[in-house]
Amino acid sequence: MRIRSSYFKVKDMPAEVNFWRVLLQIEPTKSSSHWSEFLIAGQRIGFLLNDFGEELVGCSSVPVLEVDEGAMEATIIRAKDAGAVVVLDGLNNPKMNSIVLASPGGHEFELCNCKAHE
């Protein structure tokens, strides 16, 4: 058994895809009006259009993206420039060493220097 993908339910597909395109610096492997996905190191992060009336405010799925220590600052700047807001900054906390941000759609994601403190 393996995890095939993780996905977010989104209200605005073009906005979410553009945000993740800018942050990840890659193009989606699939993109349509109802489903889009990115492939990162063999793992899929998908986006499903919420066109069935469910009220959404972010989600409980938080992908953790491991960032090389030397690239963390540039990645955070890129995320903020694309519209992300900081939810929790734990970069100076040795127990956390990561930062949680939210995309314009309210979806939280975590950037970490995981290998720096293994």
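In strand E8, the bridge partner of Val100 is Glu110. That pair is a handy way into this predicted model, since it sits on a hairpin in one of the sheets. Five residues lie between the two arms of that hairpin, E7 and E8, and Gly106 in the turn takes a positive phi of about 90°. The arms run antiparallel, with 5 bridges joining E7 to E8, the latter covering residues 108-112.

E7 itself spans residues 98-102 and is mostly covered, with 5 of its 5 residues buried. In a regular strand the side chains alternate between the two faces of the sheet. Here, Ser98, Val100 and Ala102 point one way from E7, while Ile99 and Leu101 point the other way, and all are buried. Besides E8, there is another partner for E7: strand E6 (residues 85-89) pairs with E7 in the antiparallel sense over 4 bridges. Within that pairing, Val86 has Leu101 of E7 as its bridge partner.

Stepping back to the sheet as a whole, 4 strands form an open arrangement in the order E5-E8-E7-E6, with mixed pairing. Strand E5 (64-66) and E6 are the edge strands, each pairing on one side only. From one strand to the next, the twist averages 30°. A helix packs here too: H2 lies across E6, E7 and E8, and runs at about 160° to E8.

Now for the overall layout. The protein has 2 helices and 8 strands, and reading along the sequence gives the pattern β-α-β-β-β-β-α-β-β-β. Of the 118 residues in the protein, 36% are buried. As for contacts between residues at least 6 apart in sequence, 49% of them join residues at least 24 apart.

The other sheet is also open and mixed in its pairing, built from 4 strands in the order E1-E4-E3-E2. Its edges are strand E1 (5-10) and strand E2 (30-31), and each of these pairs on one side only. Strands of a sheet pair through backbone hydrogen bonds, either parallel or antiparallel. For E3 (residues 35-40) and E4 (residues 43-49), the sense is antiparallel, over 6 bridges. Two examples show how these strands line up: Glu37 stands opposite Gly46 in E4, and Phe38 has Ile45 in E4 as its bridge partner. The hairpin formed by E3 and E4 has 2 residues between the strands, and Ala41 in the turn shows a positive phi of about 50°.

On the E2 side, the pairing with E3 is antiparallel as well, over 2 bridges. Lys30 stands opposite Glu37 in E3. A hairpin joins E2 to E3 through 3 residues. As with the E5-E8-E7-E6 sheet, a helix comes into play: H1 lies across E1, E3 and E4, running at about 10° to E3.

Just ahead of E2, Glu27 is worth a look, placed in the loop between H1 and E2. Glu27 counts as exposed because its relative accessibility is 53%. Leaving aside neighbours within four places in sequence, Glu27 is in contact with Arg21 and Phe38. Glu27 and Glu37 are 10 residues apart along the chain, and their C-alpha atoms are separated by 9.1 Å.

That leaves the two helices and how they meet. The axes of H1 (residues 13-24) and H2 (residues 72-81) come within 9 Å and cross at roughly 160°. Angles over 145 degrees count as roughly antiparallel, so H1 is roughly antiparallel to H2. The crossing in which H1 passes H2 is right-handed. On the H1 side, the residues involved are Phe19, Val22 and Leu23, and they meet Thr75, Arg78 and Ala79 in H2. By class, this contact of H1 with H2 has 4 nonpolar, 1 polar and 1 charged residues.

Methods:
Residues are numbered from 1 along each chain as its sequence is written. This is a predicted model: local features need pLDDT of at least 70, side-chain atom pairs count only at pLDDT 80 or more; totals for chains, interfaces and linings use all residues. Side-chain values use heavy atoms; hydrogens and water are left out. Axes are lines fitted to C-alpha atoms, for helices over the stretch in contact, and angles run from 0 to 180 degrees between N-to-C directions. Angles under 35 degrees count as roughly parallel, over 145 as roughly antiparallel, 65 to 115 as roughly perpendicular and the rest as oblique. A crossing is left-handed if the near helix is turned anticlockwise from the far one by less than a right angle, and right-handed if clockwise. Contact means heavy atoms within 4.5 Å. Ala, Val, Leu, Ile, Met, Phe, Trp, Tyr, Cys and Pro count as nonpolar, Asp, Glu, Lys and Arg as charged, and the others, Gly among them, as polar. Two strands pair if DSSP finds at least two bridges between them. Buried means under 20% relative accessible area, exposed over 50%, partly exposed in between (1.4 Å probe, protein chains only).
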